[in-house]
Each structure stands twice: as C-alpha cells, then as structure tokens.
Amino acid sequence: MVELATAPAVSHAGFLGLGTYRPERVVPNSELVERIESSDEWIVERSGIRERRYAGADETVASMAAAAATAALTDANLTAGDIDLVILATFTHRYATPSAAAEVSALIGATNAAAVDVGAACAGFAYAVGLADGAVRAGTAKRVLVIGAEKISEVIDFDDRGTAFLFGDGAGAVVIGQTPEQGIGPTVWGADGSQMDAIIMNPDTFTAGKEKTNSVLTMQGQTVFRWAIGSMGDVCQRALVAAGVTADDICAFVPHQANMRITNSLVKNLGFPESVAIARDIENAGNTSAASIPLALDRLRQNGEVTSGDLVLLVGFGAGLAFAAQVARVP
Ligand SMILES: CC(C)(COP(=O)(O)OP(=O)(O)OC[C@H]1O[C@@H](n2cnc3c(N)ncnc32)[C@H](O)[C@@H]1OP(=O)(O)O)[C@@H](O)C(=O)NCCC(=O)NCCS
C-alpha cells in the first residue's frame, strides 16, 4: 500500500497576538427597561450588566471581525499575508453561506488563507482556539486567525424580559502560531444536543436563499443558568488537569461573560487564590457570545491585570448546549 505523507508537524503552538473591536454606541440599561417592565437595579442585581454596545447599521459581523483581526495582527507584528487559516466563531452572520470568515479574509487581504466559520455560539471562541491549536501543531496551518464576532442586536426580541437586556455586539481575535513552548493547554470540550431547545434561534426564516431576516434568539434562562453553574466548574477543573497546572498557577480566569452570578459561582467553586484576576467585562459589554472571551481578556490586559506570558483559564459555554475550556498563555 502507498503510504500517505503527512504535513510537517511542529511541537508547540500558542497565542501570538490579541486584538478587539467594540462598537461605539453604548446602550445603558435605562434604554431597554421600559419595554420589558424592568429596572436598572433588577438587571444589575440579576446579571451584573450595566451597559452594552450595539453596532451601527453599517457594521456587520465581518466588518467588526476584520477590525479585531487587524488589531490582533498588529499586536503579533504580522500582516494578513502571513495568515493561512481564518476560523471565525459566530451565530449572527447574516448569510447561511458564504462564511463570514471568507468575507473577513477578503476585507483584511488574507489572500493565502483558508476560511471557515464555527457554529458553537458562546462556546465558539474556545472551540476555535482548540481547532487552531491542532491545525498549527499538525502542520496544516502555520498561522491562524481565530475570531469571535457577533452582532446580536439584530436578533434580540426587545420585548422578551429574559433576553432583551443580556446581549451586546463586538469582536475579538487572536493569532495562533508556532511558539517555543506550548502556549495552549489541551481543549476540554463537549456538547449536549438533547438540550438544544434551551437556547435557540428560530430556524424557519431562511427564505429562498435570501438574507436571514426576523430571526430572534429565545432562551430558557434558568435551564442555562443551572447547567452552567452545575457543570462548568468541573469542565474548568478538567482543563487545568489536562494542562498539568493548578488554580494556583493561573493569573486570570476568563469565563464566557454570560451572567456575573455565573462567574461568581464558578470562581467560588474553583477556589482561586485572591491573586487571580477575574474577567468581569459583562458589566460594560453584556453577553457578546463568541466575542466575549477575547474582549474580556483584552480588557484585563489593557488594565494591566495580566501581562505577556501569564497563564489564563478560558471557558466558553452556551447554545448546543456546547462548552470548551483551555489554559492559555497571554501573548
Ligand atoms: C436571564 C436571567 C438573568 C434571569 O434571571 P433569573 O433570576 O433566572 O430570573 P427568573 O426568570 O427566575 O425570574 C425571576 C423573577 O424576575 C422576574 N423577571 C424576569 N425578567 C425580568 C426582568 N427583565 N426585569 C424584571 N423582572 C424580571 C420574573 O417575572 C420573576 O418574577 P416572579 O418571581 O414574581 O415570578 C438568568 O436566568 C440568566 O442569566 N440565565 C443564563 C443566561 C445565559 O447565560 N445565557 C446565555 C448563555 S450563553
């Protein structure tokens, strides 16, 4: 039998750069409360959210992703021509096809890159990091742009008390490539499709290949809440063990920004020492789904709470119900 060659593998992969994009328009709770008979106090107490940002009418998942990607490339001292794979995690791209990743490749000039979207909702960024880590070490890509980007403001039901205040827009990206030491721990991931109804965007709005219209996100808030606090602690522990580290080695915990009470519960469960910085970007960004982890990580870096080489624990979870976690080194 003829033996097939394999791509030349490399030993180690890690983050080379990080960049984000936050839309300009800040939307405080006060703008949303009337339609859902709520209050700023209730929203802050139950979710930790004070404000979020909404993209402008001319902004898209791809345009925000391109801005974040460009910032990540600058941070990595690379150009778009150095990228050979773009993986974009999103659930709010307007087209079923082509992918947002292909659009981003064209926008930034990554003409040598393969491009693919990942559909794992709020777990999408951590899923994409796992896929990129594997691709780099297997030698099928040298430098990968991993992007999480969402324009959730387009799919919110502003009359739904359980979701209207939760979500925001934005984008975050990392460049992943070969590093001298391993910079990404093994990804612990999974999905429970039997709970697919817990967070769902109505699928019957694809009409004759036209743009998606009138899709809105619906969520069984308590089901998701209980699932997250009941099982994500264990997922985080498994990611620490898989990476061969303990909570004491971690400089920051960057969970998906779903609800401040979920974050607080996971922090308690994991028993981090006081020195560990906790990402609380949700206060000003809301839940930005696939964009939330890189946005929150970048905020910690900008605030000086983490620096290059620090170990951070990332965990994404949401619709699917899907989850993914890994330890990574700050670029
Ligand atoms: C959405 C969420 C904040 C709601 O908080 P909650 O504490 O579960 O709220 P409940 O739905 O149990 O409602 C509690 C009470 O507040 C009321 N309420 C619900 N939404 C309200 C709102 N926006 N404003 C004011 N009151 C509200 C309810 O009517 C209920 O009143 P009652 O006790 O008199 O019946 C919470 O369930 C959550 O964050 N879930 C997870 C969301 C998530 O992570 N999603 C994305 C995952 S990727």
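Reader: Over how many bridges do strands β13 and β14 pair?

Author: Strand β13 covers residues 311-318 and strand β14 covers residues 322-329. Strands (E, at least two residues) and helices (H or I, at least four) are DSSP runs, numbered from the N terminus, and two strands pair if DSSP finds at least two bridges between them. In this predicted model, β13 and β14 pair in the antiparallel sense, and the number of bridges is 8.

Reader: What kind of model is this?

Author: Residues are numbered from 1 along each chain as its sequence is written, and side-chain values use heavy atoms, with hydrogens and water left out. Local features need pLDDT of at least 70, side-chain atom pairs count only at pLDDT 80 or more, and totals for chains, interfaces and linings use all residues; the model is predicted.

Reader: Which residue of β14 is the bridge partner of V312?

Author: Strands of a sheet pair through backbone hydrogen bonds, either parallel or antiparallel. The pairing of β13 with β14 is antiparallel. In β14, the bridge partner of V312 is A328.

Reader: Which strands stand at the edges of the sheet that holds β13 and β14?

Author: This open sheet has 5 strands in the order β8-β14-β13-β11-β12, with mixed pairing. Each edge strand has a single partner, so one side of it is left without a neighbour in the sheet; the edge strands are β8 (188-191) and β12 (277-278).

Reader: At about what angle does the direction of helix α6 lie to that of β11?

Author: Helix α6 (residues 260-270) packs on this sheet and touches β11 (252-255), β12 and β13. Axes are lines fitted to C-alpha atoms, for helices over the stretch in contact, and angles between N-to-C directions run from 0 to 180 degrees. The angle between α6 and β11 is about 135°.

Reader: In the sheet that holds β1 and β7, how much is the average twist from one strand to the next?

Author: Here 5 strands form an open sheet in the order β1-β7-β6-β4-β5, and the pairing is mixed. β1 and β5 (114-118) are the edge strands, each with a single partner, so one side of each has no neighbour in the sheet. From one strand to the next, the twist averages 20°.

Reader: Which residue of β7 is the bridge partner of G14?

Author: β1 and β7 run antiparallel and are joined by 8 bridges. In β7, the bridge partner of G14 is G177.

Reader: How many residues of helix α8 are buried?

Author: Helix α8 (residues 292-302) lies across β1 and β7, at about 90° to β1. Its buried residues pack against β1 (13-21), α4 (124-138), β7 (169-178), β11, β12 and β13. Buried means under 20% relative accessible area, exposed over 50% and partly exposed in between, with a 1.4 Å probe and protein chains only. Helix α8 is largely enclosed by the rest of the structure, because its buried residues number 8 of the 11.

Reader: Between which domains does the largest nonpolar core lie?

Author: A nonpolar core is a set of buried Ala, Val, Leu, Ile, Met, Phe, Trp, Tyr and Cys residues joined through side-chain atoms within 4.5 Å. The largest one has 53 residues, and M232, I250, F253, F272, L313, V315 and F317 touch the most other members. Its largest share, 9 residues, comes from α5. Both domains give residues to this core, so it lies between domain 1 (13-178) and domain 2 (188-329).

Reader: How far apart do the C-alpha centres of domain 1 and domain 2 lie?

Author: The domain bounds come from an automatic or database domain assignment. In contact terms (heavy atoms within 4.5 Å), 50 residues of domain 1 meet 45 residues of domain 2. The distance between the two C-alpha centres is 14 Å.

Reader: Is G318 buried or exposed?

Author: G318 lies in strand β13. Leaving aside neighbours within four places in sequence, it is in contact with C122, A123, I199 and W227. At 1% relative accessibility, G318 counts as buried.

Reader: How many disulfides does the structure hold?

Author: A disulfide is counted when a pair of cysteine sulfur atoms lies within 2.5 Å. The sulfur of C251 is 16 Å from the closest cysteine sulfur, in C236, which is too far for a bond. C251 is partly exposed at 26% relative accessibility, whereas C122 is buried at 10%. The number of disulfides in the structure is 0.
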